[in-house]
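Work through the exercises below with the sequence and the model side by side, and try each task before reading its solution.

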Amino acid sequence: MSRPGQDPRASAALLLAGLTLVLSYTAQRLYAWTISVPSPPTEILAAAHIPYFWRVGLSVLHAVLVGALAHGLLEPSRAVAVVDRGPWLVLLTVLPCAVAMVVVP
Amino acid sequence: MSPGQLFALVERLHGHLAVLGLAVLLHPVITLRTRPGLALWTRRTADLGALLLLVPFGLGWWIYPAYRAEPKLRLYALGDPAWLWFESKEHLAAFTVGLAVAGALTLHVDGRTSRGRRAAWAMLLAAWICGAITAVLGVLVAARATPAW
């Protein structure tokens, strides 16, 4: 039983949820970019805000799902291992995704 | 108040709150590395920073359709690359808020352990860096979209 402020499963779940949000958003944007064709300005306006809202919403949903699964399924020892690698996981996930989102606006 | 003035008001609130959130978030980013243990104010500033970034994200969400209809369309029609900078700003803003919230919550659930604090620090630092780039892009886009004259 974990004590308050010492819950490795919860912190692993939050870490994985945060990284899933970043990965999911990036994957969705890159997919949209690969299948996109140039649009006239009026079409950009008409469809304007929907893709972004969808991307964020789906990313949050994916993050919550992964977090919940991680919290429910990860054994404490595995969770500790995940959290211990937290800084590296964040670096290796967020950096390439952020670069991708600047290169592919 | 005209729609344009309302947009400008909310846009400025959005930008100012976001920069304030970044400034507040810098506190836990620094103290999690320089102080042993988890101080109460480190946790509070992480929470406050995440909240101060969440609110302007919501404000940005609210004015997003108006931005798309007016400033962005004009930038796109003029061939100004600033509209592309805004796209990157959107993406990084989502990363910033997600990582800031996750990092702040991690301090609550596992902040008593060094591993939890390290993981939270990594997420908060990543959020801060993404947020700083977002802020720079936002200022540049705002300057191009609404020049003084």
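**Exercise 1. Find which residues of helix H4 (residues 76–84) of chain A are buried, and decide how they are arranged around the helix.**

Solution. The model is a predicted one, and in helix H4 of chain A the buried residues are A:Ala79, A:Val82 and A:Val83. Viewed down the axis of H4(A), these buried residues fall within an arc of 95°, so they line one face of the helix. This fits a general rule: an α-helix has 3.6 residues a turn, so residues three or four places apart point the same way. On the other side of H4(A), A:Ser77 and A:Arg78 are exposed. As a last step, look for what covers the buried residues: the cover includes helix H1 (8–35) and helix H5 (86–103) of chain A, and also helix H3 (82–110) and helix H4 (114–145) of chain B.

**Exercise 2. Establish where in chain A the confidence is lowest and where it is highest.**

Solution. Begin with the chain as a whole, where chain A averages a pLDDT of 88 and 84% of the residues score at least 70. Then turn to the elements: the lowest confidence in chain A is in helix H2 (residues 41–46), with a mean of 52, while the highest is in H5(A), at 97. Where pLDDT is low, the predicted coordinates should not be read in detail.

**Exercise 3. Classify the ring pair of A:Tyr25 and B:Phe95, and state what the pair joins.**

Solution. Over all chains there are 11 aromatic pairs. For A:Tyr25 and B:Phe95 the ring centres are 5.8 Å apart and the planes stand at 85°; since planes over 60 degrees apart count as edge-to-face, that is the class of this pair. A:Tyr25 belongs to helix H1 of chain A and B:Phe95 to helix H3 of chain B, so the pair joins two chains. Both A:Tyr25 and B:Phe95 are buried. By contrast, the rings of A:Tyr52 and A:Phe53 have centres 6.4 Å apart and planes at 45°, so that pair is tilted. These four residues are among the members of one aromatic cluster, which also includes B:Trp61 and B:Tyr64.

**Exercise 4. Describe the surroundings of B:Ala46, and decide whether B:Ala46 is buried or exposed.**

Solution. First place B:Ala46 in helix H2 (residues 40–78) of chain B. Its relative accessible area is 0%, and because buried means under 20%, B:Ala46 is buried. Finally, setting aside neighbours within four places in sequence, B:Ala46 is in contact with B:Leu25, B:Pro28, B:Ala104, B:Leu107 and B:Leu124.

How values were computed. Residues numbered from 1 in each chain as written. Chains lettered and ligands numbered in written order. Predicted model: local features only at pLDDT ≥ 70, side-chain atom pairs only at ≥ 80, totals over all residues. Heavy atoms only, no water. Buried < 20%, exposed > 50% of the residue type's maximum accessible area, 1.4 Å probe, protein only. Helix = DSSP H or I, 4+ residues; strand = E, 2+ residues; numbered from the N terminus. Arc of directions from axis to C-beta. Contact = heavy atoms within 4.5 Å. pLDDT = per-residue confidence, 0-100. Phe/Tyr/Trp six-rings, centres within 6.5 Å; stacked < 30°, edge-to-face > 60°.
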